[in-house]
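User: Could you take a close look at one helix pair in this model and tell me how the two pack? I'd also like to hear what surrounds that pairing.

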Amino acid sequence: MRGSGLLVVLAVGMGFGGVARAGEYEDTLARLTSDQPPAVASVIHRRMACNRWFRYGPYDMRLSASPRAPHELRRLQCHLVDEDERVLRYRYRHSSDIKRDLNEADRAVF
């Protein structure tokens, strides 16, 4: 009987773990963009949003430019985010904080 109570507690705790993750995207986005120049913050936001749209398998960012793509996806211009990021990496090549946050945004998948 005591062991089954522990299982219930673990199951409930795991269920709430999913709810806590809902804000993880917003928290990570806020942390990565809080002290960045506006252009860098914008690219980090777009990168993470594009990663979120295309998180379920292989993707081609060029699909975001398709007229059949949802309006929100076209607005993000995912097909241009790689080039925009490349320009910022060059512009801020001496800033380790910016490079670190851009790298983290590249790896972030929610």
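Analyst: Quick bit of groundwork: axes here are lines fitted to C-alpha atoms, for helices over the stretch in contact, and angles run from 0 to 180 degrees between N-to-C directions. Keep in mind that this is a predicted model.

The pair to look at is H2, residues 24–33, and H6, residues 96–107. Their axes lie 10 Å apart, and the packing angle comes out at about 160 degrees. Anything over 145 counts as roughly antiparallel, so that's what H2 and H6 are to each other. As for handedness, H2 and H6 cross in a left-handed way.

Now for who touches whom. H2 brings Thr28, Arg31 and Leu32 to the contact, and H6 answers with Asp101, Glu104 and Ala105. Sort those residues by type and you get 3 charged, 2 nonpolar and 1 polar.

Both helices also feed into something else. The largest nonpolar core has 21 residues, and Tyr25, Val40, Ile44, Met48, Cys78 and Leu102 are the ones touching the most other members. H2 and H6 each give two or more residues to this core, as do H3 (38–53), H4 (71–76) and H5 (78–91). H3 supplies the largest share, 6 residues. That fits a broader pattern: in soluble globular proteins, nonpolar side chains tend to be buried together.

One last spot while you're looking around: Gln77 sits in the loop between H4 and H5. Gln77 isn't a glycine, yet its phi is positive, at about 50 degrees. Most residues other than glycine have a negative phi. Gln77 is partly exposed, with a relative accessible area of 36%.

Terms used:
Residues numbered from 1 in each chain as written. Predicted model: local features only at pLDDT ≥ 70, side-chain atom pairs only at ≥ 80, totals over all residues. Heavy atoms only, no water. Helix = DSSP H or I, 4+ residues; strand = E, 2+ residues; numbered from the N terminus. Parallel < 35°, antiparallel > 145°, perpendicular 65-115°, else oblique. Left-handed = near helix turned anticlockwise from the far one by under 90°. Contact = heavy atoms within 4.5 Å. Nonpolar A, V, L, I, M, F, W, Y, C, P; charged D, E, K, R; others polar. Core = buried A, V, L, I, M, F, W, Y, C linked by side-chain atoms within 4.5 Å. Buried < 20%, exposed > 50% of the residue type's maximum accessible area, 1.4 Å probe, protein only.
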